[in-house]
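Biologist: I have the sequence and the model open side by side. Could you take me on a close tour of a single part, the sheet and what packs around it, and start from one residue in it?

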Amino acid sequence: MDLKTLAKQVSNKSKITITISDIERLLGALRKSKNPWDVIDKSDFPVPAVFESIRALDKVGLVSVSRNGFYLTVEGKNVAKNLHPVDDISCKACEGRGIILEKFSEIKNKFLKIQKRRPAPLRKFDQGYVTTGTTLSRFALAYERGDVYGKEIFVLGDDDLISIVLGISRLPKRITVVEIDKRLTDFIQETGVKEGFKVDVQTFDLRRPIPRQHRDKYDTFFTDPPETLKAADAFIGRGIATLRQPGSAGYFGFTRREASLTKWYELQRMLLKYNIVFTDIIHNFNEYINWGYEEETRAWRLSPSKVKPNKNWYRSALYRLETLEGFRGNHKEYIEENIYEDQESSTT
């Protein structure tokens with residue numbers, strides 16, 4: 001069987017569009033690792049389609065599935081050796097983000113101590129926080145782009161604790177957080193009191209429209225939505241609604257682990273209707289800590305080999321947007337809808 005035919009069969013079976021390039025990258029990843037989660041990380045397309053591809057490759061004799069992971073067969077190695085190798089040649093100093101943190105060493109040291117007391121992620125809220133290096137790098141990038149100093153900043157969901165980094169920096173004019181998890185809102189509020197910075201925190205469900213007192217009032221927003229189009233529309237669209245004028249900025253993450261390029265296209269088309277422009281998309285900027293509830297997820301159920309991750313594997317791109325003249329936000333109601341899952345979801 002040729003790989004183009006195999007990609008078409010996997011697309012039909014998984015209902016997620018993949019290409020021959022995805023299959024080739026998967027075979028390249030299998031030359032480097034046998035751990036299912038590491039293979040997903042290196043393959044960089046949605047989890048359900050990766051595991052369906054593994055089953056298809058196993059069926060045609062290119063891959064062998066064992067209790068310890070996935071292996072290329074002799075025939076599989078012969079095919080893979082003629083394909084582009086999957087090599088990580090990104091900068092080790094900045095972890096591929098293009099941002100260094102030397103200017104903020106005092107903030108970094110303080111945040112590393114504070115975050116040790118953070119609440120553990122909860123599956124019911126689709127939580128999974130990023131590494132401390134990711135949170136600090138988001139802050140540093142926004143600082144570099146002029147979106148922090150003297151700005152009024154709105155955070156939509158904050159298990160990554162960007163509000164705390166902003167607060168201990170003493171650089172923003174104002175920080176407001178809306179977050180569904182009261183454990184987090186209490187932690188952020190208590191940290192503000194203890195560290196001596198002001199942060200307005202509200203326990204809030206983002207399936208509801210942003211309250212009027214927060215609309216058109218801020219310069220910058222940060223959010224990290226669940227990876228469905230409805231959740232992205234709710235979180236990012238509400239973030240845009242908080243911005244005050246053209247040239248205001250927003251930051252959000254979006255992955256390939258639970259989003260095909262077709263979904264990326266639909267995401268971008270959807271958001272462009274709000275009269276914004278994407279200024280930056282930085283590949284794999286966001287690295288997530290393993291949640292600890294992997295065995296409860298759809299990804300675990302789909303995996304042909306029940307092996308736990310041995311290192312962080314979930315990553316997402318960081319988007320930055322700016323508003324244009326005539327921009328608008330999203331005030332639609334989603335409270336009766338499940339916005340957290342779709343065909344490509346796997347970590348809920």
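Modeller: Happy to. Let's start at phenylalanine 254, which sits in strand E7, a run covering residues 249–254. Bear in mind as we go that this is a predicted model. Phenylalanine 254 has a relative accessibility of 0%, so it counts as buried. Setting aside residues up to four places away in sequence, Phe254 touches Pro226, Glu227, Ala232, Ala259, Lys263, Trp264, Leu267, Ser316, Ala317 and Tyr319. One of those contacts, tryptophan 264, is 10 residues away along the chain, and the two C-alpha atoms are 8.3 Å apart in space.

Now step back to the sheet that E7 belongs to. Seven strands make up this open sheet, and their order is E5-E4-E3-E6-E7-E9-E8, with mixed pairing. Strand E5 (200–203) and strand E8 (276–287) are the edges; each has a single partner strand, so one side of each has no neighbour in the sheet. From one strand to the next, the twist averages 15°. As general background, the strands of a sheet pair through backbone hydrogen bonds, in either a parallel or an antiparallel way.

Let's walk along the pairings, beginning with E7. Strand E7 runs antiparallel to E9, and the two are joined over six bridges. If you want a place to look, tyrosine 251 stands opposite arginine 320 in E9. E9 also pairs with E8, again antiparallel, through eight bridges. There, isoleucine 276 has threonine 323 of E9 as its bridge partner. As for how covered E9 is, eight of its nine residues are buried, so the strand is largely enclosed by the rest of the structure.

Elsewhere in the sheet, E3 and strand E6 (residues 220–223) pair in the parallel sense over four bridges. Valine 155 is placed opposite phenylalanine 222 of E6. Helix H10 (residues 229–242) packs on the sheet, where it touches E3, E6, E7, E8 and E9, and its direction makes about 165° with that of E6. Another helix, H8, lies across E3, strand E4 (174–179) and E6, and runs at about 165° to E4.

The loop between strand E3 (152–156) and helix H8 (162–169) deserves a pause, as leucine 161 is located there. Leucine 161 has a phi near 65°, a positive value in a residue other than glycine. Its relative accessible area is 0%, so leucine 161 is buried. For a contrast, try lysine 15, in the loop between helix H1 (3–14) and H2. Lysine 15 also has a positive phi, about 60°, although it is not a glycine. Lysine 15, however, has a relative accessibility of 60% and therefore counts as exposed.

Strand E9 gives us a route to one more neighbourhood, since the buried residues of helix H3 are covered by elements that include H2, helix H4 (47–59), E2, helix H12 (298–302) and strand E9 (315–323). Seven of the eight residues of H3 are buried, so this helix is largely enclosed by the rest of the structure. Those buried residues are Pro36, Trp37, Asp38, Val39, Ile40, Asp41 and Ser43.

Among the elements covering H3, take H2. Helix H2 (residues 20–30) and helix H3 (residues 36–43) pack at an angle of about 135°, and their axes are 8 Å apart. H2 and H3 are therefore oblique to each other. The crossing of H2 past H3 is right-handed. On the H2 side the contact is made by Arg25, Leu26, Ala29 and Leu30, while H3 contributes Val39, Lys42 and Ser43. By character, the residues of this contact divide into four nonpolar, one polar and two charged.

E2 is another of the elements that cover H3. Strand E1 (residues 63–66) and strand E2 (residues 69–72) are paired antiparallel over four bridges. These two strands form a hairpin, with two residues between them. Within that pair, valine 65 has phenylalanine 70 of E2 as its bridge partner.

How values were computed
Residues numbered from 1 in each chain as written. Predicted model: local features only at pLDDT ≥ 70, side-chain atom pairs only at ≥ 80, totals over all residues. Heavy atoms only, no water. Buried < 20%, exposed > 50% of the residue type's maximum accessible area, 1.4 Å probe, protein only. Contact = heavy atoms within 4.5 Å. Axes fitted to C-alpha atoms, helices over the stretch in contact; angles between N-to-C directions. Parallel < 35°, antiparallel > 145°, perpendicular 65-115°, else oblique. Left-handed = near helix turned anticlockwise from the far one by under 90°. Nonpolar A, V, L, I, M, F, W, Y, C, P; charged D, E, K, R; others polar. Pairing = 2+ DSSP bridges.
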